[in-house]
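Me: I'm new to reading protein structures. Could you walk me through one?

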Amino acid sequence: MHAETRDVWETMSTARTIRRFTDERVDDATLRRCLEAATWAPSGANAQAWRFVVLRSPQQRAVVAQAAAHALAVIEPVYGMTRPAADDHSPRARNNRATYELHDRAGECTSVLFTQKRFPTASELLLGGSIFPAMQNFLLAARAQGLGACLTGWASYDGEQMLRDAVGVPDDWMLAGHIVVGWPKGRHGPLRAGRWRTPSTSIDGTLRRPICWRASVGSVKLDLLTPGIEVGLVTTDLDSMTAFYEGFLALVPQGEIEFEGGSQRRYSLGGSVLKLVTYTTPPAAPAAPGGGRAQAGLRYFTIGVNKLRAVADTFAASDYEVVEPLTEFAPVPGMGWMFVADPDGNWIELFGTL
Ligand SMILES: Cc1cc2nc3c(=O)[nH]c(=O)nc-3n(C[C@H](O)[C@H](O)[C@H](O)COP(=O)(O)O)c2cc1C
């Protein structure tokens, strides 16, 4: 682990979190290269509104130690951590032992505080995007030089105020993170395979849990126009169907709407609407996959929404299938409809104000 590497793949794949360090001082030249690498990172508008503060004075280390102790008290119950017995050599005990050593010896370490200026126009998450790449560059530069590092949460919780006061960070600057560095002590295995368990990446266009990816592409927050759904029952035998729904079930028809190529006869059903749909060119019967034009039976349901154009834009930017594009509903100008398919291929009509 101490070995230097110039290979970027090796650097990334072996940049483990290091928590146990030798007493050897981190020299300025090595530290400066890490900081220089941090400055090569991208930032919003290339503003580079960051400050990296090396905490090395005895006073600053004392505050870091205090913040570390406080962070430990916070994370112990969260992770169910306790100090391992001396004869416990399980992987968990070894990992916990290293974590305790880092926090206990924090006052002996060199560390760097990463700060980012606030801008009222940007969310904190967006501003984080302007400083986290710098922190990652720092970590990779440390690894490339054989230096060990551990990102910590010590500048969070109550540690934030302690570190702010110790460094004199103005209120309009955020503490983005804190990294401890040192020369690694002991052996460190490769990166844990567990990192790959989350299918957050795809190189072949498929994902085991696509919802992870799709959620990150954008999501539609529906502004409901009506409280229920509208169910469209496509039929090739309207007479028999009306006899059943109107005659036998005694649903009261709300009316009939003609549209190009067909019509729908509507019934209130609590907060929802049932529509018997017929097409002038009748589809084949009985049920088959696809939307209403493919087959008779329960083919799709409708959700009434406001701001349909925005919904259509979001669908267009997503991986989900739009089976019939947004179209203004001729009988009622200002209203429109579109059909989308769910991942199983079921059709959903989105209908409402444009
Ligand atoms: C935002 C953040 C905060 C962290 N805070 C702490 C911390 O307070 N103490 C600690 O020992 N490790 C901390 N870590 C280190 C993580 O536990 C470590 O990166 C993760 O377990 C992966 O470990 P590995 O590189 O050995 O696989 C933090 C990591 C991140 C990204």
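Me: Which element gives the largest share of the shell around the ligand?

Reply: Some ground rules: this is a predicted model, where local features need pLDDT of at least 70, side-chain atom pairs count only at pLDDT 80 or more, and totals for chains, interfaces and linings use all residues. Residues are numbered from 1 along each chain as its sequence is written. Helices (H or I, at least four residues) and strands (E, at least two) are DSSP runs, numbered from the N terminus. A residue is near the ligand if its C-beta atom, placed from the backbone, lies within 6 Å of it. Here β3 gives the largest share, three residues. The shell has 13 residues, and among the closest are R16 and T152.

Me: Why is M338 called buried?

Reply: Buried means 20 or more other C-beta atoms lie within 10 Å of a residue's own, with C-beta atoms placed from the backbone. M338 is buried because 20 others lie within 10 Å. M338 sits in strand β11 (residues 335–341).

Me: What span should helix α3 have?

Reply: Take 1.5 Å times one less than the number of residues. For the 22 residues of α3 (residues 58–79) that should be 32 Å, and the end C-alpha atoms are 30 Å apart, which agrees.

Me: Which residues of α3 are buried?

Reply: An α-helix has 3.6 residues a turn, so residues three or four places apart point the same way. In α3 the buried ones are V63, V64, A67, A68 and A71. Just after α3, G80 takes a positive phi of about 60°.

Conventions:
Buried ≥ 20, exposed ≤ 12 C-beta atoms within 10 Å, placed from the backbone.
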